[in-house]
Amino acid sequence: AQKDELHQIALKIVADGKGILAADESTGTIGKRLAAINLENNETNRQKYRQLLFTTPSLAEHISGVILYEETFHQSTDKGEKFVDLLVKQGIVPGIKLDLGVVPLAGTIGEGTTQGLDKLAERAAAFKKGGCGFAKWRCVLNIGTHTPSHLGMLENANVLARYATICQANGLVPIVEPEVLCDGEHDLARAQKVTEQVLAFVYKALADHHVYLEGTLLKPNMVTPGQSSSSKSSHEDIGLATVTALRRGVPAAVPGI
Ligand SMILES: *[C@@H]1O[C@H](CO)[C@@H](O)[C@H](O)[C@H]1NC(C)=O
């Protein structure tokens with residue numbers, strides 16, 4: 001029953017013609033949006049901004065899921081309805097960003113891993129109880145002369161797998177996000193190769209940790225040349241490199257990307 005529920009949530013999120021609204025900017029990041037319109041970054045203004053998004057007429061015609069930041073999960077509309085309940089009422093699946101950010105991975109050349117596993121089961125259970133159906137956790141890998149290292153790929157894949165099993169045990173569909181960053185001077189072929197390797201590490205770890213793939217989603221990166229690369233690629237080449245990497249690296253059982 002748990003597997004079936006996870007699969008149904010995943011399918012609902014990737015319904016044809018619909019997408020996810022990522023409203024999980026951290027308190028620091030949302031400040032940039034508010035500063036652009038001369039508003040103070042305080043809780044009232046953050047609530048008003050999120051309320052504006054979630055009360056958009058006919059939102060559910062286009063949006064199947066909304067990723068929330070922890071503060072927003074606890075907030076309500078001016079009329080006192082919890083944002084989570086407002087979304088559920090519209091047939092939209094609320095989700096929650098569970099990771100607690102990237103920290104340095106000791107012993108590597110500038111690589112990182114993502115923290116947030118401590119007490120994750122308790123947090124996941126509480127968000128599920130509060131109405132969430134899915135979660136997000138972001139890992140980052142950077143392309144350099146000596147990176148991503150074997151250790152970097154192994155550790156990030158492992159932490160994504162730990163997060164994914166804990167989510168599934170608590171009824172949340174994990175969005176698995178191994179993001180290969182676009183910073184760097186590498187070309188398109190290198191970005192494709194690294195993305196393929198990273199996906200291979202991730203799905204090996206998910207298999208090792210007994211993750212139920214039909215109850216997961218993948219948030220990958222586009223495969224592009226590095227932002228400082230001198231070689232430019234056409235949209236067609238970028239599209240083909242991205243789809244090729246995904247076809248090679250993502251098991252067919254994964255219901256959506
Ligand atoms: C937040 O800032 C607005 C001005 O942009 C102000 O009206 C409001 O009182 C502030 N709220 C809090 C809780 O500080």
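1. Where is the place of L217? L217 sits in strand β8. The model is a predicted one. L217 is buried there, with a relative accessible area of 3%. Neighbours within four places in sequence set aside, L217 is in contact with A10, I13, V14, V173, P174, I175, V176, P255 and G256. Strand β7 covers residues 173-180, and the contact list of L217 includes V173, P174, I175 and V176. L217 can also be set against G171: the two are 46 residues apart in sequence, and their C-alpha atoms are 14 Å apart in space.

2. Next, the sheet that holds β8. Six strands make it up, in the order β1-β2-β3-β6-β7-β8. The sheet is open, and its pairing is parallel. β1 (19-23) and β8 (217-218) stand at the edges. Each has a single partner strand, so one side of each lacks a neighbour in the sheet.

3. Look at the β1 edge. β1 pairs with β2 (residues 63-68) in the parallel sense, over five bridges. One residue to find is A22, whose bridge partner in β2 is I67.

4. Helix α7 is worth locating early. It spans residues 150-169 and lies across β6 (134-141) and β7 (173-180). The helix runs at about 175° to β6.

5. The loop between β6 and α7 contains P148. The peptide bond from T147 to P148 is cis, with omega near 0°. Most peptide bonds are trans.

6. How many disulfides does the structure hold? It holds zero. C132 is in no disulfide, and the nearest cysteine sulfur, that of C167, is 10 Å away. C132 is buried, with a relative accessible area of 3%. For C139, the closest cysteine sulfur is again in C167. The distance is 12 Å, too far for a bond. A disulfide would need the two sulfur atoms within 2.5 Å. C139 is also buried, at 0% relative accessibility.

7. Which residues of helix α6 are buried? In this helix (residues 120-129) they are L120, R123, A124 and F127. Seen down the axis of α6, these buried residues fall within an arc of 100°, so they line one face of the helix. The face turned away from that buried side carries the exposed residues E122 and K129. The cover over the buried residues of α6 includes α4 (70-74), β3 (93-97), β6 and α7.

8. Check both ends of α6. K119 lies in the loop between β5 (112-114) and α6. Phi of K119 is near 60°, a positive value in a residue other than glycine. K119 is exposed, with a relative accessible area of 61%. Just after α6 comes G131, with a positive phi of about 115°. Most residues other than glycine have a negative phi.

9. Helix α2 (residues 27-36) can be read in a similar way. Its buried residues include I30, G31 and L34. They cover an arc of only 115° around the axis, which puts them on the same side of α2. On the other side of α2, G28, K32 and A36 are exposed. What covers the buried residues of α2 includes α3 (43-54). After α2 comes N38, whose phi is positive, near 55°.

10. What span should helix α8 have, at 1.5 Å a residue? α8 (residues 188-208) has 21 residues, and the expected span is 30 Å. The end C-alpha atoms of α8 are 30 Å apart, which agrees.

11. The last stop is H210, just after α8. H210 is found in the loop between α8 and β8. Its phi is positive, about 60°, although H210 is not a glycine. Is H210 buried or exposed? At 70% relative accessibility, H210 counts as exposed. Past this loop comes β8, the strand that holds L217.

Technical notes. Residues numbered from 1 in each chain as written. Predicted model: local features only at pLDDT ≥ 70, side-chain atom pairs only at ≥ 80, totals over all residues. Heavy atoms only, no water. Pairing = 2+ DSSP bridges. Helix = DSSP H or I, 4+ residues; strand = E, 2+ residues; numbered from the N terminus. Contact = heavy atoms within 4.5 Å. Axes fitted to C-alpha atoms, helices over the stretch in contact; angles between N-to-C directions. Buried < 20%, exposed > 50% of the residue type's maximum accessible area, 1.4 Å probe, protein only. Expected span 1.5 Å × (residues − 1). Arc of directions from axis to C-beta.
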